[in-house]
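Biologist: I would like a close look at a single part of this model, explained slowly enough for someone in a first year of study. Please begin with the whole chain and then move to the part itself.

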Amino acid sequence: MDEVEVRLRSGDRVLIRPIRASDAAELQRAFALMSEASQYQRFMTGTPRLTDSQAAYFTAVDHVDHEACVAHAPDDDSLIIGVARFIRYSSTPDDAELAVTVADSWQGRGLGAALLRVLTARAVEVGVRRFRAEMMADNAAIIGLLRSAGMTDETVSGRLATGHVVLARPD
Ligand SMILES: CC(C)(COP(=O)(O)OP(=O)(O)OC[C@H]1O[C@@H](n2cnc3c(N)ncnc32)[C@H](O)[C@@H]1OP(=O)(O)O)[C@@H](O)C(=O)NCCC(=O)NCCS
């Protein structure tokens with residue numbers, strides 16, 4: 001996956017590239033700046049900070065079974081403003097767990113959708129056929145985003161919802 005420049009629905013241009021190990025400290029900084037509500041929606045527990053070992057795990061990816069792409073504002077490529085990630089299930093390697101996070105001040109501009117498109121293209125390249133997402137059942141933003149991407153099999157159990165997105169195969 002190369003770095004790509006993407007024009008968002010809002011008109012903003014952002015850069016999206018694969019995550020790298022050297023992003024660990026910046027990922028921690030970006031996570032700490034998120035609202036409590038966004039942090040909670042991402043991890044579904046109170047997680048005020050990413051520990052060093054979490055940051056290392058989330059950035060030292062192998063780009064095949066675990067991939068993440070990060071978005072930068074074009075005027076400052078040191079600031080991460082969004083991340084989309086998949087982690088393949090070892091027992092069912094056609095499937096991968098999906099997570100998308102956008103900095104609060106960038107939400108609602110089309111960045112989540114752009115990150116999902118770039119991640120999906122990479123997932124298809126390495127043989128992932130389906131994303132599975134687990135989210136809070138009241139998380140209208142991710143549910144809306146994933147429905148736009150074709151989410152199926154939505155189920156709700158208590159406060160949690162799950163769904164799948166079948167990935168298009170290249171023509
Ligand atoms: C979920 C999240 C990634 C969405 O990112 P975003 O950049 O705000 O979303 P986009 O602007 O790209 O919107 C994409 C689609 O999602 C839907 N959507 C976005 N925000 C929505 C909201 N508040 N309510 C309903 N639908 C919404 C819409 O369908 C939208 O498409 P459309 O308006 O063009 O039809 C972002 O809100 C976020 O980071 N939330 C906190 C972390 C989180 O909940 N992560 C998910 C855990 S898996």
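The answer below goes from the whole chain to one strand, and then to one residue in that strand.

Biologist: How many residues of strand 3 are buried, and what does the side chain of Glu-67 make polar contacts with?

Modeller: Before turning to the strand, please keep in mind that this is a predicted model. The chain averages a pLDDT of 94, and 98% of the residues score at least 70. Confidence is lowest in helix 2, where the mean is 91, and highest in strand 5, residues 95-102, where it reaches 98.

The chain contains 5 helices and 8 strands, and from the N terminus on these elements follow the order β-β-α-α-α-β-β-β-α-β-α-β-β. With a radius of gyration of 15 Å, close to the 16 Å that the globule rule gives for 171 residues, the chain is as compact as a globular protein of that length. Its C-alpha atoms fill a box of roughly 40 × 40 × 35 Å along the principal axes, and 46% of the 171 residues count as buried. If we take the contacts between residues at least 6 apart in sequence, 57% of them join residues that are at least 24 apart.

Now to the part you asked about. Strand 3 covers residues 66-73, and 8 of its 8 residues are buried, so the strand is largely enclosed by the rest of the structure. In a regular strand the side chains alternate between the two faces of the sheet. Here His-66, Ala-68, Val-70 and His-72 point one way, while Glu-67, Cys-69, Ala-71 and Ala-73 point the other way, and all of these are buried.

The strand also has partners. With strand 2, residues 13-18, strand 3 pairs in the antiparallel sense over 4 bridges, and in this pairing Ile-16 stands opposite Ala-71. With strand 4, strand 3 again pairs in the antiparallel sense, here over 8 bridges, and the bridge partner of Val-70 in strand 4 is Val-83. A hairpin of 2 residues joins strand 3 to strand 4. Strand 4, which spans residues 76-88, is also packed against by the buried residues of helix 1, as are helix 2 and helix 3. Those buried residues of helix 1 are Ala-24, Glu-26, Leu-27, Gln-28, Ala-30 and Phe-31.

Within strand 3, we can follow one residue, Glu-67, more closely. Its relative accessible area is 1%, and because buried means under 20%, Glu-67 counts as buried. The side chain of Glu-67 makes a polar contact with the side chain of His-63 at 2.7 Å, and another with the side chain of Arg-122 at 3.2 Å. Once its neighbours within four places in sequence are left aside, Glu-67 is in contact with Met-1, Pro-18, Val-61, Ala-84, Arg-85, Phe-86, Leu-119 and Arg-122. Arg-122 therefore appears both in that list of contacts and as a polar partner of Glu-67, whose burial was given above.

To return to your question, 8 of the 8 residues of strand 3 are buried, and the polar contacts of the Glu-67 side chain include those with the side chains of His-63 and Arg-122.

Conventions
Residues numbered from 1 in each chain as written. Predicted model: local features only at pLDDT ≥ 70, side-chain atom pairs only at ≥ 80, totals over all residues. Heavy atoms only, no water. Buried < 20%, exposed > 50% of the residue type's maximum accessible area, 1.4 Å probe, protein only. Contact = heavy atoms within 4.5 Å. pLDDT = per-residue confidence, 0-100. Pairing = 2+ DSSP bridges. Polar contact = N/O pair within 3.5 Å; in protein donor to acceptor, adjacent residues only side chain to side chain. Rg over C-alpha atoms; globule rule 2.2 N^0.38 Å.
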